[in-house]
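Subject: A structure for you to look at

Hello,

Here is the structure I promised to pass on to you. Have a look at it first, and then read on for my notes.

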Amino acid sequence: MTTHGESPDQASRRSYGKLTPDMIEALRQIVGEDDVFTDAERLEPYSHDETVGLRAEPEVVVRVTSAEQIAEIFRLAQRERVPVTPRGAGYGLSGGSVPVYGGIVLSTEKMNRILEIDEKNLMVTVEPGLITGELHRAVEEEGLFYPPDPASLDSCSIGGNIAENAGGPRAVKYGVTRHFVCGLEAVLPSGEIITCGGKLVKNVTGYDMVQLLTGSEGTLAIVTKIILRLLPLPKAQIDLLVPYDSFQAAADTVSDIIAHRIIPTTIEFMERDSILAVEELLQKEVPHDDAAAHLLIQFDGSRWEEVDADVEVVGELCLEHGARDVLVAKDSRNRDRLWEARRSIIDALNHASPVNHMEDVVVPRAEIPALLRGIKEIARRHDVRIINFGHAGDGNVHVNVLKDDVPDERWETLVPVVAEEIYRLSLGLGGMITGEHGIGATRRRYLPLALGQAQIEVMRRIRDAFDPNGILNPGKIFP
């Protein structure tokens, strides 16, 4: 089997074993009859994530409920040299949970409990299959706050967030997943169970294994327990929707906000084409739909007077930079109305073109206007529609290449060319080829564009130290 980004000779370098009836029976003995799937209908949902056009069917799916079960499965897989692909909720966007070499898909979907909310230490302990939105709601009921908020928070799992070091709109103020992970329990490919960190704010005892595993895309170990840092729940929140006649004016506003030492919770941007796509989907008008760009700016804090003061300063800055208007929402109903368009963009793009290709390049935030100008030139040169939106506050841009009526044969050759040009543009502006979605199976061929050979080899040696037989999530990250 070959995958996007992999040559046939690379695919044949590893020789993996095939599952036998005896091994299937051994898996049933470990987890029980009901949690081992081999029929095609039940395997199909585990053959893909949210990456368009990438599928690979596993030989078996095993749903686990404990670290000890995973350890037994690893020991069995090591003896037979069978690949194991870990999977959370399957909402990744780089093919990270797609079993490109077949074998075993090991699903943590049943490991979905909140084990403890520790209010004294402001920590929560959870299992990897817990849906991120459920964690948000549970801790907020206790007056606590877990800031990372990936777009798919009501679908994605905490384990997947750990694997990909998930971000989200609130990263500009609070950071990404890794900034909240204090402890992990994980199973190594050898079958050994390790514990890293704990309910600790400080810890410099040896190498930082917690941070090494966070963002490792399921290639080093399978995480089975997670300790996350919490914050007090902000009492005040205000959102602004700000339309502009040019994206440069919007970008200048963002720079000026930061120069005034004000850090909003989020600073999102939407280009006009994305707004029009949302209107087509929702069949309703968005305010100032003819504006070249919208900024969606959120503030939160413990005191209303402090948040109001920041909003007043930022509102004035927006108008000074040529904003048409500053729409303000304080109550949850009006905040939801302002956010409706932003939350609907991905569905709107899928509605406009069911086949599309998404990239999530990241650049220094001041370089976003240059990035968007370059992307528009790429779109013009290749005669393809590209729509952009994303996180102006942290420089992360979601670039969506729409197939529309492009013939299939041309589309297959077009996507890699356009993707590489977008990557080179981003790198030339001091950026990187992915800010949130990861390398996975889809970007591995492009990794040498972003990282030097020495760095890639060090990363390979780390992977090989954890997994010398290469059975855990093969076909990911490395070219």
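The buried residues of helix α14 pack against five elements that you can pick out by number: β16 (356-359), α13 (368-382), β17 (385-391), β18 (396-402) and α15 (447-450). Please keep in mind that this is a predicted model. The residues of α14 that are buried are Trp-411, Leu-414, Val-415, Pro-416, Val-418, Ala-419, Ile-422, Tyr-423 and Ser-426.

The helix itself covers residues 408-428, which makes 21 residues. From its first C-alpha to its last it reaches 30 Å, close to the 30 Å expected at 1.5 Å a residue. Even so, α14 has a kink of about 30° at Leu-414, shortly before the proline Pro-416. Both Leu-414 and Pro-416 are among the buried residues listed above. Once you have followed the helix to its end, look at Gly-430, just after α14, where phi is positive at about 85°.

Next, the aromatic rings. There are six aromatic pairs in the count. In one of them, Phe-37 and Tyr-46, the ring centres are 6.1 Å apart and the planes meet at 55°, so this pair is tilted. Phe-37 and Tyr-46 are both buried. Phe-37 has a further neighbour to show you: the charged end of Arg-42 sits over its ring, 3.6 Å from the centre.

Another aromatic pair is formed by Phe-145 and Tyr-174, and this one is edge-to-face, with 5.3 Å from centre to centre and 80° between the planes. It links distant parts of the chain, as Phe-145 belongs to strand β7 (residues 144-145) and Tyr-174 to helix α7 (residues 171-174), 29 residues apart. Here too, both partners, Phe-145 and Tyr-174, are buried.

Finally, the cysteines. How many disulfides does a search of the whole structure find? The search finds zero. A disulfide is a covalent bond between the sulfur atoms of two cysteines. For Cys-156, the nearest cysteine sulfur is that of Cys-182, 19 Å away. Cys-156 counts as buried because its relative accessibility is 7%. For Cys-182, the closest cysteine sulfur is in Cys-196, and at 13 Å the two are too far apart for a bond. Cys-182 is buried as well, with a relative accessible area of 12%.

If you have little time, start with α14 and its kink at Leu-414, then turn to Phe-37 with Arg-42 over its ring.

Best wishes

Methods:
Residues are numbered from 1 along each chain as its sequence is written. This is a predicted model: local features need pLDDT of at least 70, side-chain atom pairs count only at pLDDT 80 or more; totals for chains, interfaces and linings use all residues. Side-chain values use heavy atoms; hydrogens and water are left out. Rings of Phe, Tyr and Trp (its six-membered ring) pair if their centres lie within 6.5 Å; planes under 30 degrees apart count as stacked, over 60 as edge-to-face and the rest as tilted. Buried means under 20% relative accessible area, exposed over 50%, partly exposed in between (1.4 Å probe, protein chains only). Helices (H or I, at least four residues) and strands (E, at least two) are DSSP runs, numbered from the N terminus. A charge sits over a ring if NZ of Lys or CZ of Arg is within 6 Å of the ring centre and within 35 degrees of the ring normal. A disulfide is a pair of cysteine sulfur atoms within 2.5 Å. The expected span of a helix is 1.5 Å times one less than its number of residues. The bend at a residue is the angle between axes fitted to the seven residues ending there and the seven starting there. Contact means heavy atoms within 4.5 Å.
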